[in-house]
Amino acid sequence: MFSSVFKTGIRSIYNVSETATFYSDFWSIYPAKHKRSGKMVSVFIFDKTDFEKSVTHLCSQTPNTKNPRHIISECYELIQFGIMQLAKLKHPHILTVVEVLESTRSKFIFVSEPLVGSLQTIGFDSANPLEIKKGVLEISKALQFLHNSCDMVHLNLQPSSVLVSAYGDWKLSAFYFIKSLSEMSSSEQENFYIMNTSSFVPFANINLNFVAPEIVLDSGGARLGAPNDIWSLGHLIIYLFNRESVLALEAVNLSEYKHAIQLFEKKFCNHKVSELGYLFKSVPHQLQSTIMNLLRRYPHDRFTIDQFIESDFFQDNLMKVMCFVDEYSSKSSNEKMVFLDGILTDANLLPALPSSFKINKFLPLMVDNVLKEISFIPTSAAEDSHGVLIAKTLKIVFHLAQGLSKLSFQDRVFETLATDGKAKKNSQNLIRSLINSSVHVRLVFVQSLTLLMEKLNPKEVTQVIKMLCPLCLKNTPTTDQSLTHQIELQDLFLKNVSQFINIIDFPYIKSDLIPLVCHVFKTTTILSTKLQAIATFKMLSNDKILDEDTIVDSIFPVFLNLKSRDKRVVSSVIDYFAGLAESDVIKNVPLLIESGLSKCLQLAFGCEGISSTEFLAFVKTVRQLEDNLIRRRVNQLNSSTNPADLTPTDNFDVLIKGVSLDSSRNFSRSLPLKESMRPTHDMTKPLAELETAVHPSSEPMITESSSMQMNSKKFSSLTPAIPTPRDGVSISRKIDLAENVSFDVGKKNLNPKQGRSKSDISGNAKLPPGYSSSLLTPHIPTGSDG
């Protein structure tokens, strides 16, 4: 948007936009920004080359004209004189020159305060006359300064001479024809003649639609004086409301002007206001009689500028409010406080002000004053009067900013408050300083959370909330008045937790917010705060913001240690636990019985100062809690699996009953063994077959289950069957043989009854009984072994 390609002069100091804001005569007005300070200004550029070409062309087309160079020289002198006078005169409603006129070979350049247009380029809504009324008053004050303080006459009051600043203020400019009466004799004033009919350059001639008739037509008497500007002011006011001049002259022609003045006198003079509706049109009725006194034919019959300013037209509250805003910076702290209180008390006052005034003038002024108060007063000293002043100013800022878009709010309010025109890296420190300044300021922030969430992105809102949270919930004020506001702040912050909780990260909620709310609940003696803390717990639990562990670890201990027996607190706590029992936030039903149900009964029976009806209401809620716990337990039991339908791996009894005693089935489900670990005997054959093959006539074989009665029943399925002996072993001796099993470990024979020698257990490897070290083969003693 801005460009800077010049190495010297004004354009080397400012980044000037490539697009002009507006044009006035041969001037092009560009927005610009100072390279170091970032301050916004307007740069006026007069292109000499284009102007000289235009004058030369017009002179060639018009006979009996002056030399083009002479006309150009006169115009350049006029420009230099006008800008010089403008730079000398300092007044709030006269255009402020920031950089004086710079003349180069091809251009005139000077810098002023930032502008948005002139009365010729900006249209105003006559249906809402307040904005025009304010502007007319500002121009009138500029004329009052010239007439009374400087003894000067402007003589060039017309729409193009009044510029509008970025703040919406009207600024008087175009001082090309200004005259100082103190430097002129009486005869010079009487014989003054302003017309220069030889010039066809627009700004080098006065606009006849607004010039007073005495300095054009009259031949004697007081011609030059302050009444000349009063006449111009009257015609300017009619132009602003009707958007057309009364005389409607299009060219610099004295004969036409004289004829127009004569018609005006016939239509206007010696008539009643009620008869001039065709002339005033959109001019407010209240102003019409005043304009009659501005447009008297003879100078001594007209109002002075002081009389006009004191007229009834400007004596309403809204105008006085707008005037006070113009002078706000010069007022004392007490006057500012009274003014802000009045603005905040009257709900109809701010909406009645013009939108452009509120956004362009009032809002920036309030933002600047917030920053000034913060920078001027140390944080520790801002708790009382200055803290209140900052808070009230900030409250008006947020109120005025409601109609802004998100982008405009960021630019005009938040970033300005955050950066103070400096690097954005300091933004958090400045916002923190503002929040730390006073409990009253924090209260305004909390009251405006809805606006902040609407206008800012979630990250910025989160930063503000995290700065507010500890100060709102834990800070201890030093004065009684601040303590009252701190209580109000705690209640309001807890009430608004539900608005912002969804944009706050869970770790912060768990580690910072919940401990702070618990701290408030445990330490406060204010009933409203305690009840609001319980409501916050209820919201966080019912909306499932908190998990079960956080509720059990952080909130339950607070309620279990509750000492209060106030019936409102008791009722809120019982309702909280009843809500938990009804929902599925807490899965642990026994914990709810132990912590919730018992505490609710304790509170209900220990509550003091209640009626029987209130007690029965408590008991009814407790019973509902109990019913919900019973219902949840029943649902848990119904949802569990029926033991009769369980598979062997789901139920112990079914698992034991389903154990097969068939060793072949047991081993067949085993994983294949390595070759070195296979038993020497055929372990896949049932024990009964082996016994029958060896001793077909012997007594029935003892079953595996009877031989395993020494083991626990639940481990029976895990006990391996003892292999049958091969040769010469009676089946009746099976159990004895089992007790006398010996194992080959290397070349050593171990008898379980005899135990092990020291040498036997000196090795690192401990083999299970019944296996050898080579093939891990169990050894069964035979009859030959004795």
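Hi everyone, let's begin with a pair of helices. Helix 25, residues 548-560, packs against helix 26, residues 567-582, at an angle of about 150°, and their axes are 11 Å apart. Because angles over 145 degrees count as roughly antiparallel, helix 25 is roughly antiparallel to helix 26. The crossing of helix 25 with helix 26 is left-handed. Please keep in mind that this is a predicted model.

Now on to helix 20. How far apart are the end C-alpha atoms of helix 20? Helix 20 covers residues 458-474, which is 17 residues, and at 1.5 Å a residue it should span 24 Å. Its end C-alpha atoms are 24 Å apart, so the two values agree. Have a look along the helix, too: there is a kink of about 30° at Leu468, shortly before the proline Pro470. Is Leu468 buried or exposed? Leu468 is buried, and other buried residues of helix 20 include Glu460, Val464, Ile465, Met467 and Cys469.

Last stop, a sheet. Here we have three strands in an open sheet, ordered 8-10-11, with antiparallel pairing. Which strands sit at the edges? They are strand 8, residues 115-118, and strand 11, residues 170-172, and each of them pairs on one side only. On average, neighbouring strands in this sheet are turned by 35° against each other, ignoring direction. If you zoom in on strand 8 and strand 10, residues 162-165, you'll find that they run antiparallel and are joined by three bridges. To pick out one partner, Gly117 is bridged to Val164 in strand 10.

That's my tour, thanks for listening!

Notes: Residues numbered from 1 in each chain as written. Predicted model: local features only at pLDDT ≥ 70, side-chain atom pairs only at ≥ 80, totals over all residues. Heavy atoms only, no water. Pairing = 2+ DSSP bridges. Helix = DSSP H or I, 4+ residues; strand = E, 2+ residues; numbered from the N terminus. Axes fitted to C-alpha atoms, helices over the stretch in contact; angles between N-to-C directions. Expected span 1.5 Å × (residues − 1). Bend = angle between axes of the 7 residues up to and from the residue. Buried < 20%, exposed > 50% of the residue type's maximum accessible area, 1.4 Å probe, protein only. Parallel < 35°, antiparallel > 145°, perpendicular 65-115°, else oblique. Left-handed = near helix turned anticlockwise from the far one by under 90°.
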